[in-house]
Amino acid sequence: MAGLLAATPDQAEFLVELLDHGLLIETGEPGVYGRGGGFERIREAFDRLVSRVAEPDGAEAMRFPPVLPRRHFEASGYLKSFPHLAGTIFSFEGTEQEAIEQEDVAHRHGDWSGYQRMTDLVLVPAACYPVYPAIARRGPLPPGGLAIDAGGAYVFRHEPSADPARLQMFHQREMVRLGEPETVALWRNSWRDRAEEVLTRVGLDAHPEVAADPFFGRAGRMLAANQRAQELKFELLIPIAGPEPTAVASFNYHQDHFAGTYGITMADGSPAHTACLGFGLERITLGLLRSHGLDHTRWPAAVTRQLWP
Ligand code: ZN
């Protein structure tokens with residue numbers, strides 16, 4: 001397959017184990033798996049643990065479907081930074097004759113894209129994206145800003161890979177903070193510590209690193225260097241099955257990017273700042289399975305007490 005990222009022997013072997021134990025379920029597409037009950041019990045338990053740790057924030061809960069209005073996506077700048085990762089939704093709009101032709105081509109697994117037209121929806125690339133336009137619509141932020149719990153939504157990244165830790169669709173547990181620059185920076189720093197602590201509590205060997213997004217192309221390398229120099233993004237990394245540790249949580253300080261894009265201001269009219277934090281729930285589940293074994297009923301009590309108190 002074109003563009004398929006290869007797996008190391010360790011990653012390939014881990015994937016086979018996960019499939020054999022019914023933790024992941026094969027669909028035939030790399031990076032797209034069903035999840036068995038055992039996998040989901042762990043993923044949901046970690047999600048609830050994050051909720052308990054987040055409680056003092058008093059965040060307002062918001063949930064969105066895994067699609068985003070195209071006009072919000074177009075305004076976000078995602079296509080400039082990550083055109084290679086985006087997923088857009090097309091649908092059929094044609095005559096009965098064209099429907100018959102489309103079915104004929106599709107049935108032979110030919111290219112039926114010519115019968116499809118872009119809809120007004122794209123797949124959500126990060127769980128925080130629907131939050132910004134929703135908050136902007138309310139008008140200026142209250143003093144002290146807002147904390148939003150965006151839940152554990154499914155997000156899409158077009159990067160087919162044979163590495164079980166690189167999924168095309170996965171749950172990102174996101175929290176968003178909007179407000180004055182100092183408030184937002186403090187929140188992000190506090191979560192960097194809390195997130196490392198929560199991963200440590202479940203027996204994962206996590207360490208933070210200054211990181212950069214996988215920006216596209218040559219201009220993207222400059223964006224990434226700038227992001228690193230300003231320390232706008234941190235990640236927490238844990239060993240899974242790769243030769244290098246894998247990022248399982250990221251902390252992103254957007255400064256006034258989203259506020260400027262969607263018009264989010266403070267009461268005095270100054271632009272708000274925003275930051276978000278995302279836990280990759282599947283990657284954390286995989287890290288737990290890799291560290292403690294494929295049968296969660298046999299994990300160390302110190303770990304299961306945290307997940308199933
Ligand atoms: Zn985000």
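1. Starting with the metal: along the chain, the donors of the zinc ion follow the spacing C-x45-E-x101-C. They are C128 (SG), E174 (OE), E174 (OE) and C276 (SG), at 2.2 to 2.5 Å from the zinc ion. A donor here is an N, O or S atom within 2.8 Å of the metal (3.2 Å for Na, K and Ca), and water is not among the atoms, so sites may look incomplete. C128 sits in the loop between β6 (116-123) and α6 (131-136), while C276 is in strand β12 (residues 273-280), so this pair ties together parts 148 residues apart in sequence. Helices (H or I, at least four residues) and strands (E, at least two) are DSSP runs numbered from the N terminus.

2. Before going further, the ground rules. This is a predicted model, in which local features need pLDDT of at least 70 and side-chain atom pairs count only at pLDDT 80 or more, while totals for chains, interfaces and linings use all residues. Residues are numbered from 1 along each chain as its sequence is written, and side-chain values use heavy atoms, with hydrogens and water left out.

3. Back to the zinc geometry. The 4 donor atoms subtend angles of 52 to 128 degrees, which makes the arrangement irregular. The cut-offs: four donors are tetrahedral if all angles lie between 85 and 135 degrees; four are square planar and six octahedral if opposite donors are over 155 degrees apart and all others between 65 and 115; anything else is irregular. Both cysteines are tucked away: C128 is buried at a relative accessible area of 2%, and C276 is buried at 3%. Buried means under 20% relative accessible area, exposed over 50%, and partly exposed in between (1.4 Å probe, protein chains only).

4. L141 is worth a look too. It is found in the loop between α6 and β7 (146-156), and with a relative accessible area of 3% it is buried. Leaving aside neighbours within four places in sequence, L141 is in contact (heavy atoms within 4.5 Å) with residues including I135, L178, I264 and M266. G28, on the other hand, is 113 residues from L141 along the chain, and their C-alpha atoms are separated by 46 Å.

5. Next, the rings. The structure holds 10 aromatic pairs. Rings of Phe, Tyr and Trp (its six-membered ring) pair if their centres lie within 6.5 Å; planes under 30 degrees apart are stacked, over 60 edge-to-face, and the rest tilted. F73 and Y78 have ring centres 5.4 Å apart and planes at 45 degrees, so the pair is tilted. Y78 also pairs with F82, again tilted, at 4.9 Å centre to centre and 50 degrees between the planes. F73 and Y78 are both buried, with Y78 at 4% relative accessible area, and F82 is buried at 10%. Ring pairs join these three into a cluster with Y129, Y132, F215, F258 and Y262.

6. Two arginines sit over rings. R194 lies over the face of W191, 4.1 Å from the ring centre, and the charged end of R290 is over the ring of F14, 4.9 Å from its centre. The test is NZ of Lys or CZ of Arg within 6 Å of the ring centre and within 35 degrees of the ring normal.

7. On to salt bridges, of which the whole structure has 13. Each is a side-chain nitrogen of Lys or Arg within 4 Å of a carboxyl oxygen of Asp or Glu. R173 bridges to D47, with the closest N and O atoms 2.8 Å apart. That pair links distant parts of the chain, R173 being in strand β8 (residues 169-179) and D47 in helix α2 (residues 37-54), 126 residues apart. R173 is buried at 1% relative accessibility.

8. K233 and D213 also meet in a salt bridge (2.8 Å, N to O). K233 is in strand β10 (residues 233-238) and D213 in the loop between β9 (207-210) and α8 (217-229), so the pair ties together parts 20 residues apart in sequence. Both of these residues are buried. Elsewhere, salt bridges that share partners join D47, R63, D149 and R173 into one network.

9. Within that network, D149 lies in strand β7 and is buried, with a relative accessible area of 11%. Not counting residues up to four places away in sequence, D149 touches R63, R173 and the zinc donor residue E174, among others.

10. For contrast, take D104 and R108, a salt bridge with its closest N and O atoms 3.0 Å apart. Here D104 is partly exposed at 43%, and R108 is exposed at 54%.
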